[in-house]
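User: I'm new to this one and would like a close look at a single part: the place where the ligand sits. Could you walk me through what surrounds the ligand?

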Amino acid sequence: MVSETVKLNNGLDMPLVGLGCWKIPNEVCASQVYEAIKLGYRLFDGAQDYGNEKQVGEGIRKAIDDGIVARKDLFVVSKLWNSYHDPKNVKSALKKTLSDMGLEYLDLFYIHFPLAFKYVPFEERYPPGFYTGAEDEKKGVISLEKVPILDTYRALEECVKEGLIKSIGISNFRGILIHDLLAGAKIPPVCLQIEHHPYLTQEHLIEYCEQAGIQVVAYSSFGPQSFIELDSELAKSTPTLFEHESVKTIANKHNVTASQVLLRWATQRGIAIIPKSSKKERLLDNLQINEKLTLTEAEVKAISALNKDIRFNDPFTWLNSKFPVFA
Ligand SMILES: NC(=O)c1ccc[n+]([C@@H]2O[C@H](COP(=O)([O-])OP(=O)(O)OC[C@H]3O[C@@H](n4cnc5c(N)ncnc54)[C@H](OP(=O)(O)O)[C@@H]3O)[C@@H](O)[C@H]2O)c1
């Protein structure tokens, strides 16, 4: 069973449901991706920062070699990390991802955050994460580079022209920054990837993207769940959405799981999803939501009403750097 697709503003069809690859441990990642393809997953949402692109690529290539799927039927996604925003580093960073994955092109390459960190050579540390040099590490700080977002974006447009990527995406951008980017972009971004769950519904941003022809992709659809393993105090002190009375009541009524209600609430509003799981037994549950469940309008509204504007992934909290991405 393969997910239904949405048409992007460049004419490409993108699956509405994909597999998120953040924190899939390297030792299970290749087999998880391979298994996911066997079950019908066609979109893989990766990133340079996740440190598992070699394994994601290994799973993909095994599935292609075994004749389960052709490259053209897959939608492979990565994200440019903050350390490579300078136009002179964009293409080499992309080529590193392509070589790690063993692929010739990506279907979609996002700017992961609108934040340009100081460049770190691959041989010094890869992926660098919050590391911007030994001195900074000692002091516990992150250094930035003065690179305007449009400069990074123009370098990505060149990568599209060269056929290394089919589409450009943006992630963790707010409305006014998108508005500004669109004023200078020659190839509009196809997708905006944002944190989105019933505690952070972001209605205005979603409405803006709809009218601008940009597809919204939700990350962390299960809210606090993904951040508990990172030991986030905020996540640990926020009631889990899986046990939320409103979500559970709706799940029981439809005889589905709470996780499926959370995912369907997004797709039913036209938002693409990329739930992550390292467990094979959860893959099918997360993929089969659209066929299995249709929420009533009142149920969609009831879930949207849980909004509390709680954001678990906020650069303001990174090493106390107070980066005002969402301030
Ligand atoms: N652009 C960005 O800045 C950004 C930031 C965060 C995430 N993302 C992307 O979005 C993807 C999804 O977000 P996420 O990984 O933060 O979180 P998520 O998909 O909301 O949640 C993942 C967590 O939920 C558990 N889980 C998965 N399926 C489940 C099910 N059916 N029932 C119960 N628990 C389930 C997983 O555990 P198990 O693994 O044990 O199943 C894991 O702990 C990421 O993998 C990444 O690709 C992007």
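**Around the ligand**

Analyst: Let's begin with the mix of residues: sorted by class, the shell around the ligand has nine nonpolar, 14 polar and six charged residues. Keep in mind that this is a predicted model. Out of the 29 residues around the ligand, the ones that come nearest are D45, S226, S277, K279 and R282.

Now for some polar contacts. A polar side-chain atom of N172 is 2.9 Å from an oxygen atom of the ligand. With W22, the backbone does the job: one of its polar backbone atoms is 3.0 Å from a ligand oxygen. H112 uses its side chain, where an N or O atom lies 3.3 Å from an oxygen atom of the ligand. As for how covered the ligand is, it exposes 900 Å² when taken alone, and the protein buries 93% of that.

Where is all this? The ligand sits in the largest pocket. Two elements give two or more residues each to the shell around the ligand, namely α8 (225–228) and α12 (280–287).

D45 is worth a second glance. Besides being one of the residues that come nearest to the ligand, D45 also helps line the largest cavity, along with residues including M14, L43, Y110 and I273. That cavity has a volume of about 40 Å³, and the structure holds one cavity of 30 Å³ or more. Its lining has 10 nonpolar, one polar and one charged residues. The strands β2 (13–15), β4 (43–45), β6 (108–111) and β10 (272–273) each supply at least two residues of that lining.

How values were computed. Residues numbered from 1 in each chain as written. Predicted model: local features only at pLDDT ≥ 70, side-chain atom pairs only at ≥ 80, totals over all residues. Heavy atoms only, no water. Near = heavy atom within 4 Å. Polar contact = N/O pair within 3.5 Å; in protein donor to acceptor, adjacent residues only side chain to side chain. Areas by Shrake-Rupley, 256 points an atom, 1.4 Å probe, with all protein chains shown as cover. 1 Å grid on protein atoms, 1.4 Å probe; cavity = no way out; pocket = protein on both sides within 12 Å on 5 of 7 lines; lining within 4 Å. Sits in = over half its atoms within 2 Å of the grid points. Helix = DSSP H or I, 4+ residues; strand = E, 2+ residues; numbered from the N terminus. Nonpolar A, V, L, I, M, F, W, Y, C, P; charged D, E, K, R; others polar. Points joined across faces, edges and corners; volume = space filled by probe spheres on them.
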